[in-house]
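Work through the exercises below with the model open. Try each task before reading its solution.

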Amino acid sequence: SQNDFLREWLPHKQGYLDVLLDSEAPPDLRICSICSRDGSYRCSDCFWRPMYCSSCCRQAHSKHLLHRVEQWNGTFCEESSLRLLLVNAGLMLFLGHDGDACPTIGGDFPPFIPDADWEDGDTEGRPLHLKPPEFSDYMIVVDVSGVHFISVSYCKCADCPDQHLQLLWARLFPASTVNLSTVFTFRVLNDFLRDNIECGTSGMNYFNKLRRITSNMFPHFVPNCYRELLRVARIWRLLKLLKWNGFGHQEIPVGEGELVLFCPACPQPGVNLDPIIDSDLWKYARTVIMDGNFKAEHMHDKRPSDQVYLMDGRGFIVSRDRYHDYLKVSKDSPEQSSCNNHKAVNQANANQHKLEATGIGGLACTRHGCFFPHSVIDFQKGERQVNMDYSLIHAIKHNSQGIGKVLTFYNVNCQYMKNLHGRVQSSPYLDIPEDIRLIPGIGIWHVHGHRSECFTQYSPGFIKGAGRVEGEIIETLWSILNIISGSAQGMTAPHRQELLDFQMNDSNFQKIIKISSSISRKFKAALQGREEARATFRALDDGLGKAQRDSWSAQEQQAMEDRLDNPLAMDIFEIRIEKGKADAVLRQPRLSCNVALTMKSIEMTMMASPNSRHNSHRGSCTWLAHSLQIQQLQTHLCIEVKELSSRSTETRKLEIARRRDRLESDISQFLSQAATYIGQTEEGIWEGLERDADWSDAKDEDKIKMWRKR
């Protein structure tokens, strides 16, 4: 365990601390690692942190200008900079000739116009290596190792590219194409994107980290390039997506959703299937899940008319202008749920005046958990049907030519699907392909919060071809997206759109690279589940007569055929408890189609049977019913004991202890009557358990199972 490793390390604590302290000091002989002369510089980024004399340090770092060095000041090694060491040696970053000086180089340099913010114009008190440059040929270079001032020399050849492109060839991304004063290394941009995706690091926090890397004592003296980082990161995301999705070799228009990834396992004719397929086969059906996420809020833009969209509609979030045009002409009448009190329905018109978007809604494939391209929408009030209609229609049309069935899961499908086709037909912006049939369902975890009829009408267990689906998989996707939702709340609309698109694309990428192991694991679970289901079905089927079996089969087939047009047809599968009729049902040769019995009715019927009136069996029915009550109390108590924690109050713990004491008393009383009804005493039962080799080491819940079996 982790604690074992910590205990293993603790005896070495002082030795580790000695090494850390000794490594801060210069070596006993401060000699240059190259020429053996007096060493006054130490590089923090070179392996083993070697000492150099000034000449060898310049020579060793002529093409490693972003290394950080320390200088011996007679007492300790203090922070310094290579630019102070190289300034008089004529060493700089040469562009255009693989790091060598251009043969036509002149002495004129472009004027230095800083576009970074200097928080303190007064350089008094600043360390020398953090003072603003005094020469016009210096540039601010932002790297994972911190913020640097580097002297740059451009190529002056007649056929040389523009200066900002020369910087790109050196893997330096300019913050501007005109005033070239700040650049970002490719690796710092990649590092920021990874930090943003995995850790949810905002641009401000990330750049503050770089300032502290540059100087932990004086971060406020490091130039602030936060605004430049945000601007360049937006462009960097777009370029990455264009390159990854095959738009790098020719300039062609990018269509809706073409800059992001989708599920490789879901059926897509022309992509992973032949264009012509048998659309009636369930293996070619799509399963989608719909949901809203109210963590991804967005505040109003300060200047909404002055925005530049780089990804509008090309990723997961739909095209903004067309979506807003659709909302203007679409009417969404508030609808009160006729089912249980669904929050998504009853609060669909909850307005938030301070927010431009109260959240987002979208779709993902139910089996593999990949977001659908060009299907994520903003909510203006709540999770309204008019919003989800737009998302659903765009999702089911994505690479769907030839797809005949789409199984949709939504936690309010019993309300949402009532008038979907009417809403779609009345909108000039929406249409459902004629060859696609929508089959509504509700995830197994959500269906338990609905009316009992919803279970049979929408549960995947009653939908042919649905299989075993993860009805809550989209919630796991929202939790990943929520890592960056907070930092996106105050961004401009285009920036937020690009950030969410990139995060969702990475989520799909992670699903893709792990999909082989995921499908393999699910397939093994499905094989095991199939055998268990077959065994259960055989046990039920073997107890039926031919007439009953034929009757049920005919009813099932008819219900399945009528389900899409009339969900009420599925009510034949609903188990109804008819109080007062249990005795009559028991006396029938076989059980009726859909009547279940209560425990009380069974006890009453058993007590009324001739055998129970015999002296040797009198009271046995009540005694057996009492055992079932004890079993139920044990189950409830086990659940509540597991929920206890160190934060539980003493009152709660005392209540559990009292219930356990009462239960043990009930068990003792029950066992004391065992000899009367089954010919075995309480002592005999306990002795049998104590002789069991596993009894003494068993947990409480295992002892309960062993007691029940005994």
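**Exercise 1. A charged pair**

Which side chain meets that of E498 in a salt bridge?

Solution. The partner is R234, with N and O 2.7 Å apart. A salt bridge here is a side-chain nitrogen of Lys or Arg within 4 Å of a carboxyl oxygen of Asp or Glu. Next, place the two residues. E498 sits in helix α17 and R234 in helix α8 (residues 226-244), so the pair links distant parts of the chain, 264 residues apart. Helices (H or I, at least four residues) and strands (E, at least two) are DSSP runs, numbered from the N terminus. Last, check burial. E498 and R234 are both buried, where buried means under 20% relative accessible area, exposed over 50% and partly exposed in between (1.4 Å probe, protein chains only).

Before going on, note the ground rules. This is a predicted model, in which local features need pLDDT of at least 70 and side-chain atom pairs count only at pLDDT 80 or more, while totals for chains, interfaces and linings use all residues. Residues are numbered from 1 along each chain as its sequence is written, and side-chain values use heavy atoms, with hydrogens and water left out.

**Exercise 2. The chain in numbers**

State how many helices and strands the chain has, and what share of its residues is buried.

Solution. Count the elements: 26 helices and 18 strands. Then take burial: 42% of the 710 residues count as buried. Then look at contacts, meaning heavy atoms within 4.5 Å. Among contacts between residues at least 6 apart in sequence, 65% join residues at least 24 apart.

**Exercise 3. More salt bridges**

Find the salt-bridge partners of R320 and R423, and say where each pair lies.

Solution. Start with the count, which comes to 20 salt bridges. R320 meets E356 at 2.8 Å, N to O. That pair links distant parts of the chain: R320 is in helix α9 (residues 320-329) and E356 in strand β12 (residues 355-357), 36 residues apart. R320 counts as buried because its relative accessible area is 19%. E356 is buried because its value is 17%.

Now R423. Its partner is D389, the closest N and O atoms being 2.7 Å apart. R423 belongs to helix α13 (residues 420-425) and D389 to helix α11 (residues 385-396), 34 residues apart. Both R423 and D389 are buried. Elsewhere, E640, R652, E655 and R659 are joined into one network by salt bridges that share partners.

**Exercise 4. Helix α16**

Describe the span, bend and buried residues of α16.

Solution. Take the span. α16 (residues 473-488) has 16 residues and reaches 23 Å from its first C-alpha to its last, close to the expected 22 Å. The expected span is 1.5 Å times one less than the number of residues. Next, the bend: about 45° at N482. This is the angle between axes fitted to the seven residues ending there and the seven starting there. Then list the buried residues: I473, I474, L477, W478, L481, I484, S485 and A488. An α-helix has 3.6 residues a turn, so residues three or four places apart point the same way. The buried residues of α16 pack against α6 (186-199), β10 (286-293), β11 (298-299), β13 (359-365) and α17 (493-513).

**Exercise 5. The five-stranded sheet**

Give the strand order and find the edges.

Solution. The open sheet runs β14-β13-β10-β15-β16, with mixed pairing. Its edge strands are β14 (377-379) and β16 (437-441), each pairing on one side only. Two strands pair if DSSP finds at least two bridges between them. The twist averages 30° from one strand to the next. β13 and β14 run antiparallel and share 3 bridges. Within β14, D378 stands opposite I360. α16 packs on the sheet, touching β10 and β13, and its direction makes about 45° with that of β10. Axes are lines fitted to C-alpha atoms, for helices over the stretch in contact, and angles run from 0 to 180 degrees between N-to-C directions.

**Exercise 6. C77 and its strands**

Locate C77, then trace the pairing around it.

Solution. C77 lies in strand β4. Its bridge partner is W72. β3 (residues 69-72) and β4 (residues 77-79) pair in the antiparallel sense over 3 bridges. These two strands form a hairpin with 4 residues between them, and G74 in the turn has a positive phi of about 100°. β3 also pairs with β1 (residues 41-43), antiparallel, over 3 bridges. There, C43 has V69 as its bridge partner. C77 is buried because its relative accessible area is 14%. Leaving aside neighbours within four places in sequence, C77 contacts R42, E70, Q71 and W72.
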